[in-house]
Structures are given as structure tokens and as C-alpha cells.
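Let's take a friendly walk through the charged side-chain pairs of this protein. Have the sequence and the model open side by side as you read.

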Amino acid sequence: MALLDEQLVEEWLNRQNFFTMRGIKCGVDEIDLLAIRPVPAGFECWHVEVQISYRPVGYIGGDTNARRRTHDELSAGVAQWVEKKFTSPRKIQRRNEILPGAQWRNFLVHAVLKDESELPIMQKLGVELIPY
């Protein structure tokens with residue numbers, strides 16, 4: 001199902017005049033989508049991760065245990081997820097290999113999350129949200 005969701009998001013981006021690259025290898029990890037479109041000042045560049053679930057079994061950021069997480073545990077887990085998906089040196093290096101010097105915006109396309117309180121933390125960390 002994840003492949004289908006990524007294809008739908010890619011089609012949506014293409015219809016907004018983005019050139020897209022999907023499934024970019026980054027060591028043992030990958031980048032779901034990079035989207036680039038020309039604008040008068042150069043290029044608009046998006047790094048898009050797709051996390052679609054309608055019956056989530058775990059949290060995006062950290063512990064999969066059903067216990068109630070403290071705010072600090074929640075924030076730490078989300079920060080770790082954002083670093084893994086968007087801001088790790090390996091991800092930054094890979095994006096720079098594709099388009100040196102570009103300013104990338106980070107997006108999460110999401111459906112239902114086990115804990116909606118993860119979303120404002122992601123936004124504070126610079127991740128823009130697109131509901132599926």
C-alpha cells in the first residue's frame with residue numbers, strides 16, 4: 001500500500017508542475033520523494049515523506065508501547081524521527097548531490113496518526129504537514 005500512496009502523492013506533485021524523483025537511496029535508508037519546480041528565483045525544492053495509515057499500530061516518533069508518553073518523551077521521539085527522515089547529514093548530503101545549494105522544504109503527507117500531538121512538534125521542527 002505504501003507504494004500506491006507514494007504514487008498518488010507523486011501524481012499530485014506532478015500536476016502542480018513539480019518534477020519528482022521517488023525512492024532515492026540514501027545508504028540503507030531512502031527518501032520517499034524529492035520534488036523540484038522552476039520559479040522565477042530558481043527552484044522550489046520539496047523533500048516529501050509519505051506516512052499513510054488508517055489503523056496506525058505505532059507512533060511516528062519513538063515508542064510503540066501503548067503507555068502514555070511524557071511531553072519530553074514525545075518531543076524526543078519526534079525529533080529523532082525528523083532527524084532520521086529529513087535532517088541527518090546523510091540525507092542533506094544526498095539532496096545536495098542532486099541539486100547543490102538548494103533550499104529544501106520538508107513535508108510529511110499523513111493520514112491517521114496514533115497520537116495527533118506529534119504534529120505540532122513536527123511543525124516546530126520545520127516539517128510542513130499535508131493531510132492525505
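A salt bridge here is a side-chain nitrogen of Lys or Arg within 4 Å of a carboxyl oxygen of Asp or Glu. The background is simple: side chains of opposite charge can pair when their charged atoms come close. Please keep in mind that this is a predicted model. How many salt bridges does the structure hold? There are nine, and the table shows three of them, including their N to O distances.

| Basic residue | Acidic residue | N to O distance |
|---|---|---|
| Arg-22 | Glu-10 | 2.9 Å |
| Lys-25 | Glu-30 | 3.3 Å |
| Arg-37 | Glu-44 | 2.7 Å |

Start with Arg-22 and Glu-10, whose closest N and O atoms are 2.9 Å apart. Arg-22 sits in strand S1 (residues 19-26) and Glu-10 in helix H1 (residues 2-14), so this pair ties together parts that lie 12 residues apart in sequence. Arg-22 is partly exposed, at 29% relative accessible area, whereas Glu-10 counts as buried at 15%, because buried means under 20%.

Next come Lys-25 and Glu-30, which also form a salt bridge. Is Lys-25 buried or exposed? With 53% relative accessibility, Lys-25 counts as exposed, while its partner Glu-30, at 23%, is partly exposed.

Finally, look at Arg-37 and Glu-44, whose side chains meet in a salt bridge at 2.7 Å, N to O. Both of these residues are buried. Which residues join them in a network of salt bridges? Arg-105 and Glu-128 are linked with Arg-37 and Glu-44 in that network.

Notes: Residues are numbered from 1 along each chain as its sequence is written. This is a predicted model: local features need pLDDT of at least 70, side-chain atom pairs count only at pLDDT 80 or more; totals for chains, interfaces and linings use all residues. Side-chain values use heavy atoms; hydrogens and water are left out. Helices (H or I, at least four residues) and strands (E, at least two) are DSSP runs, numbered from the N terminus. Buried means under 20% relative accessible area, exposed over 50%, partly exposed in between (1.4 Å probe, protein chains only).
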